[in-house]
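Thanks for making time this morning. I have one structure to go through, and I will keep to what can be read from the coordinates.

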Amino acid sequence: MVIKQRAISSDEKLERREAILNAAVELLAGDDYHDISITSIARKAGLAKGTIFLYFRTKEELFLQLQMREYKSWFEDINRLLDTSLQHKKESSIDEFVKNIMASFGDHPMMIRLTPILHVILERNIDYKTALEFKSFLLSEIHTTGQLIERCLRFLRKNDGARFLLHLQVLLIGLIQLSRPAPIVKQVIETERMEVFQLNFEEKLLEMLALLINGIKATGKK
């Protein structure tokens, strides 16, 4: 059923915007991004297709705003984990820090789903205002969490925390793509002598995070 009543107040508009994003999340849980259309999102949200464009100019902008919502939730979670760690100790070990980073991804499957297409698709069809809003949001969050990371790992230098978060983004993009091959490629790499191409995302991320942090530590000693 299509909802025809127009949202008037700020609260009503915010509620409708969230309903649209929630519909996109439900669809993304079962379908590939490329198979989801504005029409299917409108149908899922019970809205007319034209209503979606009152809130988001393009499909890319809609999913970028969804990713921003997911990022905000993730930053809140990782900040809470790191804060809790600091309440018990003045600083964290590398193993404990890596464990917290890994744990922070558990409740954010949508963020993981959207990360590989963020820069190559979602940021490609948005206007200047949306791009500025998104990057300003990230800058603020990276600054806050980066400083918290530097408090947890005392060997880090100023701004190393922010640099770590950028390296983490690069790691995530590469590992997610490699660990989720296309169905036909998956068939190929599951055959004999192709084991080297089989990659477990969690195991490889754990390994790479430890290497990254130890590398930053070694660089700081020089």
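Before anything else, one cut-off: a residue counts as buried when its relative accessible area is under 20%, as exposed when that area is over 50%, and as partly exposed in between. Take Asn159 as the worked case. Its relative accessible area is 40%, so Asn159 is partly exposed. Please also keep in mind that what you are looking at is a predicted model.

Now the overall picture. The protein has 10 helices and zero strands. Going along the sequence, the pattern is therefore easy to say aloud, since it is α-α-α-α-α-α-α-α-α-α. The C-alpha atoms fill a box of roughly 65 × 50 × 30 Å along the principal axes. There are 222 residues in the protein, and 42% of them are buried. On contacts, consider those between residues at least 6 apart in sequence: 71% of these join residues at least 24 apart.

Let me start at the N-terminal end, with helix H1, residues 10–30, and helix H2, residues 38–45. Their axes are 8 Å apart and they pack at an angle of about 110°. That angle makes H1 roughly perpendicular to H2. The crossing of H1 past H2 is right-handed. Which residues meet there? On the H1 side they are Ala19, Ile20, Ala23, Ala24, Glu26 and Leu27, and on the H2 side Ser40, Ile41, Lys44 and Ala45. Sorted by class, this contact of H1 with H2 has seven nonpolar residues, one polar and two charged.

Leu27 deserves a closer look. This residue sits in helix H1, and at a relative accessible area of 13% Leu27 is buried. Not counting residues up to four places away in sequence, Leu27 touches Ile36, Ser40, Ile41 and Lys44. For a sense of distance, Leu27 and Leu209 are 182 residues apart in sequence, and their C-alpha atoms are 31 Å apart in space.

H1 has another partner, H4. Here the packing angle is about 90° and the axes are 10 Å apart. H1 and H4 are therefore roughly perpendicular to each other. H1 contributes Arg17, Glu18, Ile20, Leu21, Asn22, Ala24, Val25 and Leu28 to the contact, and H4 contributes Leu62, Phe63, Gln65, Leu66 and Arg69. By class, the residues in the contact of H1 with H4 are eight nonpolar, two polar and three charged.

Moving on to the loops. Ser92 lies between helix H4, which covers 59–88, and helix H5, which covers 94–104. Is Ser92 buried or exposed? The relative accessibility is 8%, so Ser92 counts as buried. What does the side chain of Ser92 make a polar contact with? The partner is the side chain of Ser85, at 3.0 Å. Setting aside neighbours within four places in sequence, Ser92 is in contact with Ser85, Phe97, Cys152 and Leu153.

Next is Pro116, in the loop between helix H6, residues 109–114, and H7. Pro116 is buried as well, because its relative accessible area is 13%. Apart from neighbours within four places in sequence, Pro116 is in contact with Ile173, Ile176 and Gln177. From Pro116 to Gln169 there are 53 residues in sequence, but 9.3 Å in space, C-alpha to C-alpha.

Last, a point about backbone angles. Most residues other than glycine have a negative phi. Two residues here go the other way. What is the phi of Asn159? For Asn159 the value is near 75°, which is positive in a residue other than glycine. Asn159 is in the loop between helix H7, 128–152, and helix H8, 160–179. The other one is Arg193, with a positive phi of about 70°, and it is not a glycine either. Arg193 is found in the loop between helix H9, 183–189, and helix H10, 201–221. With a relative accessible area of 71%, Arg193 is exposed, whereas Asn159, as we saw at the start, is partly exposed.

That is what I have. I am happy to go back to any of these residues on the screen.

How values were computed:
Residues numbered from 1 in each chain as written. Predicted model: local features only at pLDDT ≥ 70, side-chain atom pairs only at ≥ 80, totals over all residues. Heavy atoms only, no water. Helix = DSSP H or I, 4+ residues; strand = E, 2+ residues; numbered from the N terminus. Buried < 20%, exposed > 50% of the residue type's maximum accessible area, 1.4 Å probe, protein only. Polar contact = N/O pair within 3.5 Å; in protein donor to acceptor, adjacent residues only side chain to side chain. Contact = heavy atoms within 4.5 Å. Axes fitted to C-alpha atoms, helices over the stretch in contact; angles between N-to-C directions. Parallel < 35°, antiparallel > 145°, perpendicular 65-115°, else oblique. Left-handed = near helix turned anticlockwise from the far one by under 90°. Nonpolar A, V, L, I, M, F, W, Y, C, P; charged D, E, K, R; others polar.
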